[in-house]
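Work through the exercises below with the model open beside you. Try each task before you read its solution.

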Amino acid sequence: IHCFGLYLTKLDIRQDSDRHSQVFAELTDYLAIGDYNAWSEQQKQTFLLTELQSKRPLIPRNWQPSSDVQEVIDTCKVIAETSQERFGIYIISMARKASDVLAVHLLLKEAGCPYVLPVAPLFETLDDLNAGPAVIETLFNEPWYKNHVKNQQHVMIGYSDSAKDAGM
């Protein structure tokens, strides 16, 4: 306990990008502002960045999402209620676009997370690996994002799924 405290190691969080999209698809449907999953990547980024910079909450108190969506929201609430030193990074499985990364930051903001948890896109398929540099460039071309993450970005490169998809 003297050396490591009550926790020996940090916990990484991992969730599939489709689960985050599902949260916003149900939410935008409830708010009657469109179908998040049908929006273009640019529309998603604009929406997410606008909400990230907004001072008002996005998620209504009386909203009753599906159990899968509630699980994602509850995970973000646990992160928000737990000291940052207990966590490593938030890993987004099957990350494909900049909106996948922005979505996690917005979910953490909505949960009331008082710190910036590092969010790492995990590029797994050959197409996603090839698109990875452009995704990161898109994020860092956004001044709000670059400032928010203090010019630091974790990125994970898949090997299991990409090896299945494209070979060694």
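The exercises cover the sheet, the cysteines, the pockets and two loop residues. Note that the model is predicted.

**Exercise 1. The sheet**

Task: Work out in what order the 4 strands of the open sheet lie, and which strands stand at the edges.

Solution:
- Step 1. Strands of a sheet pair through backbone hydrogen bonds, in a parallel or an antiparallel sense.
- Step 2. Start with E1 and E2. They run parallel and are joined by 5 bridges. One contact to find is Gln15, whose bridge partner in E2 is Ile92.
- Step 3. Move on to E2 and E3, the latter spanning residues 119–123. This parallel pair has 3 bridges. Ile92 has Pro121 as its bridge partner in E3. Ile91 stands opposite Ala120 in E3.
- Step 4. Take E3 and E4. Their pairing is parallel too, over 2 bridges. Phe123 has Ile157 as its bridge partner in E4.
- Step 5. Put the pairs together. The order is E1-E2-E3-E4, and the sheet is open with parallel pairing.
- Step 6. Name the edges. Strand E1 (11–16) and strand E4 (156–157) each have a single partner strand, so one side of each is left without a neighbour in the sheet.

**Exercise 2. Burial of E2 and E3**

Task: Decide how many residues of E3 are buried, and which way the side chains of E3 point.

Solution:
- Step 1. Use the cut-off: buried means under 20% relative accessible area.
- Step 2. Count along E3. Here 5 of the 5 residues are buried, so E3 is largely enclosed by the rest of the structure.
- Step 3. Recall the general pattern. Side chains in a regular strand alternate between the two faces of the sheet.
- Step 4. Sort the residues. Val119, Pro121 and Phe123 point one way from E3, while Ala120 and Leu122 point the other way. All are buried.
- Step 5. Follow the chain from E2 to E3. It passes through H4, and this β-α-β crossover is right-handed.
- Step 6. Check E2. Here 7 of the 7 residues are buried, so E2 is also largely enclosed by the rest of the structure.

**Exercise 3. The cysteines**

Task: Find how many disulfides the model has, and explain why Cys113 is not bonded to Cys76.

Solution:
- Step 1. Set the limit. A disulfide needs two cysteine sulfur atoms within 2.5 Å.
- Step 2. Apply the limit. The count is 0 disulfides. Cys76 is in none, and the nearest cysteine sulfur, that of Cys113, is 8.4 Å away.
- Step 3. Look from the other side. The closest cysteine sulfur to that of Cys113 is in Cys76, at 8.4 Å, which is too far for a bond.
- Step 4. Check exposure. Cys76 counts as buried at 1% relative accessibility. Cys113 is buried as well, at 14%.

**Exercise 4. The two pockets**

Task: For the largest pocket and the second largest pocket, state the volume of each and which elements give two or more residues to each lining.

Solution:
- Step 1. Take the largest pocket. Its space is about 260 Å³. It is lined by 17 residues, and those closest to its centre are Gln84, Val116, Leu117, Pro118 and His154.
- Step 2. Assign elements. Strand E2 (87–93) and helix H6 (143–148) each give two or more residues to this lining.
- Step 3. Sort this lining by class. There are 7 nonpolar, 7 polar and 3 charged residues.
- Step 4. Take the second largest pocket. Its volume is about 180 Å³. Among its lining residues are Trp63, Gln70, Ile73, Leu107 and Glu110. Cys76 from Exercise 3 also lines this pocket.
- Step 5. Assign elements again. Helix H3 (67–80) and helix H4 (98–110) each give two or more residues. H3 gives the largest share, 4 residues.
- Step 6. Sort by class. This lining has 8 nonpolar, 1 polar and 3 charged residues.

**Exercise 5. Positive phi**

Task: Locate Ala32 and Lys150, and decide whether each is buried or exposed.

Solution:
- Step 1. Read the angle of Ala32. Its phi is positive, about 60°, although Ala32 is not a glycine.
- Step 2. Place Ala32. It lies in the loop between helix H1 (17–30) and helix H2 (41–52).
- Step 3. Read the angle of Lys150. Its phi is near 50°, again a positive value in a residue other than glycine.
- Step 4. Place Lys150. It is found in the loop between H6 and E4.
- Step 5. Apply the cut-off for exposed, over 50%. Ala32 is exposed, at 67% relative accessible area. Lys150 counts as exposed, at 64%.

How values were computed: Residues are numbered from 1 along each chain as its sequence is written. This is a predicted model: local features need pLDDT of at least 70, side-chain atom pairs count only at pLDDT 80 or more; totals for chains, interfaces and linings use all residues. Side-chain values use heavy atoms; hydrogens and water are left out. Buried means under 20% relative accessible area, exposed over 50%, partly exposed in between (1.4 Å probe, protein chains only). On a 1 Å grid over the protein atoms alone, a cavity is a set of points where a 1.4 Å probe fits but cannot get out, and a pocket is an open set with protein on both sides within 12 Å along at least five of seven lines; lining residues have an atom within 4 Å of a point. Grid points are joined across faces, edges and corners, and a volume is the space filled by probe spheres set on the points. Ala, Val, Leu, Ile, Met, Phe, Trp, Tyr, Cys and Pro count as nonpolar, Asp, Glu, Lys and Arg as charged, and the others, Gly among them, as polar. Two strands pair if DSSP finds at least two bridges between them. A crossover is right-handed if, with the strands pointing away from the viewer, the path from the first strand over the helix to the second runs clockwise.
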